[in-house]
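Q: I have a chain and its model open, and I keep meeting terms such as "buried" and "salt bridge". Could you take me through how each term is earned?

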Amino acid sequence: MSQDPGASPLERAALHHLLRRRAVVPVFQPVADADSGAVVGVEALARGPAGGLLERPDRLFAVARACGRLAELDDLCRRRAVEVADEAGLTGPLGLFVNVEPLAVPTAVQPAPAVTALLERGVRVVLELTERDLTADPARLLAFAEQARAHGLRVALDDVGAVPASLALMPFLRPEVVKLDLSLVQARDPGEAAEVMSAVAAYAEQSDAVVLAEGVETPEHLVAARGLGATLVQGWHVGHPTGAEHLGDLAAPWRPPVLRRPVAGAVARSPFATVARVRTPRRATKALLVAVSRHLEQQAAELGELAVVLAAYEDAVNLTPSSRRRYRALAGAAAFVGVLGRGVDAEPEPGVRGADLGADDPVRGEWDVAVVGPHFAAALVARDLEPDADPADPDREFDYVLTHDRPLVLEIARSLMTRVVPRPAVDGSAASPLSSIRVASGAGR
């Protein structure tokens, strides 16, 4: 057990007592319609016992982290949030926003009884994933989100704009709700805000996602939130976090975001199988496709931190020293870079995520490159017609499709993304049903 010198013996004792007594206190902050002001839902936030050493959520979670009991606290906060909302009689179509720790999402999702009860009453349970950790393990998050949707849960991407590099991964996660970071509302540099606003607007227009602005604490913030395209708002101007005593009295019309259909079946297909359903492949030599591949890589380099790059190389032997240098450089600039193929290591180059494809995976016979950014999408998908030929032969032939159709490129890219090996969940959370759903540790004051 690690002990941060900032966590005093009294604080460690207080944490032990809190966990043993399940003494987390959920509070609920209103979420309102940006135009009418009508309350359409609440976000659950955590507090320690009133007047105690760990009342403040930032201190509570810091001490739990120092004591090696963060997962235990995380699980307790999540359970108390949904239990209290259920007991208070929260009903639909109101939304209940509950935070999720991205680095601890479980590999198998099974809603707790209180979650099931809320869903049966028409409550729209929305799981918030924090943007800052989205790039750490997107394959695990994608799988988690699809399983959650299969159980009727919606997904929100929190703190959008805090880390611009993660904007590129927004269409992979497919959140039904996009939550703008409070810095965008509270006097963010207009140039930086415009970049985030443009990316969010493009995603919302293509997906019908709902945009929610956090940190609305003054009338001026509300005007700024509307200007950024938010239709929902939360913050002190809307309402302070309060206890659960009035949750059962809330009733407001809300047209919640449409629940996205799970795409697990689609992403299981190989990229070539995906494009062959809707495009007629052409034939070309390796020399030409190498030039096309490098052109796409250059496009990704120009996108920088807004780019996601995924590539399948058939076999690790095709990752030449030149290829490795290029992808190592891309990993230093892009939001996420993944490379797949037979014999590819989990991290073939620093910053590059890898995957050793199984013997029966059809992607082993493909050469694929997909690049996705907020306003750019392109993919080269090729099937090897001479798998036994010399890999270095520039005249080897492939059937290929080059597409800039964004929905098609995203389907291709998701197919590759889901094959990237997920990192192990932290603190054993994979064994706890929906254990990553918790009350926010720092949001709300």
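Q: Why are β13 and β14 called a pair of strands?
A: This is a predicted model. Two strands pair if there are at least two bridges between them. Strand β13 (residues 366–373) and β14 have eight bridges, so they count as paired. Their sense is antiparallel. One bridge sets Val371 against Ala378 in β14.

Q: What joins β13 to β14?
A: A hairpin does, through two residues.

Q: How do you know that β14 also pairs with β15?
A: Count the bridges again. Six bridges link β14 and strand β15 (residues 397–403), and at least two are needed, so this is a pair. It runs in the antiparallel sense. Asp384 stands opposite Phe398 in β15.

Q: What makes β14 a mostly covered strand?
A: Strand β14 spans residues 376–384, and eight of its nine residues are buried. Buried means under 20% relative accessible area.

Q: Why is the contact between Arg59 and Glu11 called a salt bridge?
A: The cut-off is 4 Å between a side-chain nitrogen of Lys or Arg and a carboxyl oxygen of Asp or Glu. For Arg59 and Glu11 the N to O distance is 2.9 Å, so the pair qualifies. Arg59 lies in helix α2 (residues 57–66) and Glu11 in helix α1 (residues 9–21), so the bridge ties together parts 48 residues apart in sequence.

Q: Are Arg59 and Glu11 buried or exposed?
A: Glu11 has 10% relative accessibility, which is under 20%, so Glu11 is buried. Arg59 has 26%, between 20% and 50%, so Arg59 is partly exposed.

Q: What makes Arg149 and Glu176 a salt bridge?
A: Their closest N and O atoms are 2.9 Å apart, which is within 4 Å. Arg149 sits in helix α5 (residues 138–150), and Glu176 in the loop between α6 (170–173) and β6 (177–180). The pair therefore ties together parts that are 27 residues apart in sequence.

Q: Why do Arg149 and Glu176 count as buried?
A: Arg149 has 2% relative accessibility. Glu176 has 1%. Each value is under 20%, so each residue is buried.

Q: How many salt bridges does the rule give?
A: The count comes to 25. Another of them joins Arg328 and Glu349 at 2.5 Å, N to O. Arg328 is in helix α13 (residues 321–331), while Glu349 is in the loop between β11 (336–342) and β12 (353–356).

Q: Which residues do shared salt-bridge partners join into one network?
A: Glu43, Glu128, Lys179 and Glu214.

Q: How do you know that there is empty space inside?
A: Rolling a probe the size of a water molecule over the atoms shows where empty space is left. The structure holds two cavities of 30 Å³ or more. The largest has about 70 Å³ of space, and the second largest about 30 Å³.

Q: Which residues line the largest cavity?
A: Among them are Leu167, Met170, Tyr203 and Arg406. Helix α8 (190–207) supplies the largest share, four residues. By class, the lining has eight nonpolar, two polar and one charged residues.

Q: What makes two residues in the lining of the second largest cavity charged?
A: That lining includes Arg324 and Glu349. Asp, Glu, Lys and Arg count as charged, so these are the two. The lining also has five nonpolar residues and no polar ones.

Key:
Residues are numbered from 1 along each chain as its sequence is written. This is a predicted model: local features need pLDDT of at least 70, side-chain atom pairs count only at pLDDT 80 or more; totals for chains, interfaces and linings use all residues. Side-chain values use heavy atoms; hydrogens and water are left out. Buried means under 20% relative accessible area, exposed over 50%, partly exposed in between (1.4 Å probe, protein chains only). On a 1 Å grid over the protein atoms alone, a cavity is a set of points where a 1.4 Å probe fits but cannot get out, and a pocket is an open set with protein on both sides within 12 Å along at least five of seven lines; lining residues have an atom within 4 Å of a point. Grid points are joined across faces, edges and corners, and a volume is the space filled by probe spheres set on the points.
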